[in-house]
Amino acid sequence: QHLAALNLNGTAMEILGTGTVVHTGTLTTATTSGFIDVGVNALIVDNPGTSATPGSYVPGLVATGYAGGLWNGLGIRSYAAMNDSPKQHAVGYGSAASILNLSGVQTGLFMGETVAAGAMLVRYTVYGDADLNGTADFNDFLRVQNNFGAASTTWDRGDFNFDGTTDFNDFLALQNAFGLMA
């Protein structure tokens, strides 16, 4: 599904299906009531913020959707993660530059979609899946190890509980889901 823009002002949207990818040019939501439920799917946002806050808008929406691990908050959330009783599934995000190792005007593939380096990628996955490939594996362990103790980190650098630091709690989240697939 390709959209020029996705604006949710006081309403909600659920991405239906399994393995669905919604690819939008821009995204806006009402801060007091709007949310997107990605379910078990993915979202690509080509222009993920304003010039003053490039790339910070989507991570903020995922962090508020996290709602302390309940995945029922405003922003970007998931009914599937919310109903996961072992709490091994989550919504992860990262820039295409970081996830796909892109720079400048390069493009790459994410879940069958061509994306530019500046796009923000969002996916229902398992805790610990820093590179959004659908499983928590050794490459994700290396991302956590390389960023361990760092402040102001992001999901793609191992901050799986959105507290601003890659620490032992994030390592435990990765360990609990290691080898699982979304």
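The chain contains 5 helices and 10 strands; helices (H or I, at least four residues) and strands (E, at least two) are DSSP runs, numbered from the N terminus. The model is predicted, so local features need pLDDT of at least 70 and side-chain atom pairs count only at pLDDT 80 or more, while totals for chains, interfaces and linings use all residues. Residues are numbered from 1 along each chain as its sequence is written, and side-chain values use heavy atoms, with hydrogens and water left out.

**Exercise 1. Determine whether the dimensions of the chain agree with those of a compact globule.**

Step 1. The radius of gyration is taken over C-alpha atoms, and the globule rule is 2.2 Å times the number of residues to the power 0.38.

Step 2. For 182 residues, the rule gives a value near 16 Å; the chain has 15 Å, which agrees with a compact globule.

Step 3. Along the principal axes, the C-alpha atoms fill a box of roughly 40 × 40 × 30 Å.

Step 4. Burial is considered next. Buried means under 20% relative accessible area, exposed over 50%, and partly exposed in between (1.4 Å probe, protein chains only). Of the 182 residues, 49% are buried.

Step 5. Contact means heavy atoms within 4.5 Å. Among contacts with a separation of 6 or more, 49% link residues 24 or more positions apart.

Step 6. The exposed area of the chain is about 8100 Å², of which carbon and sulfur atoms supply 55%; accessible areas come from the Shrake-Rupley method with a 1.4 Å probe, and for residues only the protein chains shown count as cover.

**Exercise 2. Describe the open sheet of 5 strands and state which strands stand at its edges.**

Step 1. Two strands pair if DSSP finds at least two bridges between them. The strand order is 1-3-5-10-7, with mixed pairing.

Step 2. Strand 1 and strand 7 (89–95) are the edge strands; each has a single partner strand, so one side of each lacks a neighbour in the sheet.

Step 3. From one strand to the next, the twist averages 35°.

Step 4. Helix 1 (residues 57–66) packs on this sheet and touches strand 3, strand 5, strand 7 and strand 10. Its direction makes about 90° with that of strand 3; axes are lines fitted to C-alpha atoms, for helices over the stretch in contact, and angles run from 0 to 180 degrees between N-to-C directions.

**Exercise 3. Follow strand 3 (residues 21–29) from its pairing to the nonpolar core.**

Step 1. Strand 1 (residues 2–8) runs parallel to strand 3 and is joined to it by 6 bridges. Leucine 6 has leucine 27 of strand 3 as its bridge partner.

Step 2. Strand 3 is also parallel to strand 5 (residues 42–45), with 4 bridges between them. Here valine 21 has alanine 42 as its bridge partner in strand 5.

Step 3. Strand 3 is largely enclosed by the rest of the structure, because 7 of its 9 residues are buried.

Step 4. A nonpolar core is a set of buried Ala, Val, Leu, Ile, Met, Phe, Trp, Tyr and Cys residues joined through side-chain atoms within 4.5 Å. The largest such core has 47 residues, and Leu27, Leu43, Val62, Trp71 and Ile76 touch the most other members. Strand 10 contributes the largest share of this core, 5 residues.

Step 5. Leaving out residues up to four places away in sequence, leucine 27 touches Leu6, Ile36, Leu43, Val45, Tyr57, Val58, Leu61 and Ile76.

**Exercise 4. Locate alanine 130 and valine 144, and compile their contacts.**

Step 1. Alanine 130 lies in the loop between strand 10 (120–126) and helix 4 (138–147). Its relative accessibility is 0%, so alanine 130 counts as buried.

Step 2. Beyond four places in sequence, the residues touched by alanine 130 are Ile99, Asp140, Arg143, Trp155, Asp156 and Phe160.

Step 3. Valine 144 belongs to helix 4 and is buried, at 1% relative accessibility.

Step 4. With neighbours within four places set aside, valine 144 contacts Gly158, Phe160, Thr166, Phe171 and Leu174. Threonine 166 is 22 residues from valine 144 in sequence, with a C-alpha to C-alpha distance of 6.8 Å.

**Exercise 5. Characterise the positive phi values of lysine 87 and asparagine 101.**

Step 1. Most residues other than glycine have a negative phi.

Step 2. Lysine 87 has a positive phi, near 55°. This residue is in the loop between helix 2 (79–82) and strand 7 and is partly exposed, at 34% relative accessible area.

Step 3. Asparagine 101 likewise has a positive phi, near 55°. Asparagine 101 is placed in the loop between helix 3 (96–99) and strand 8 (107–110), and its relative accessible area of 63% makes it exposed.
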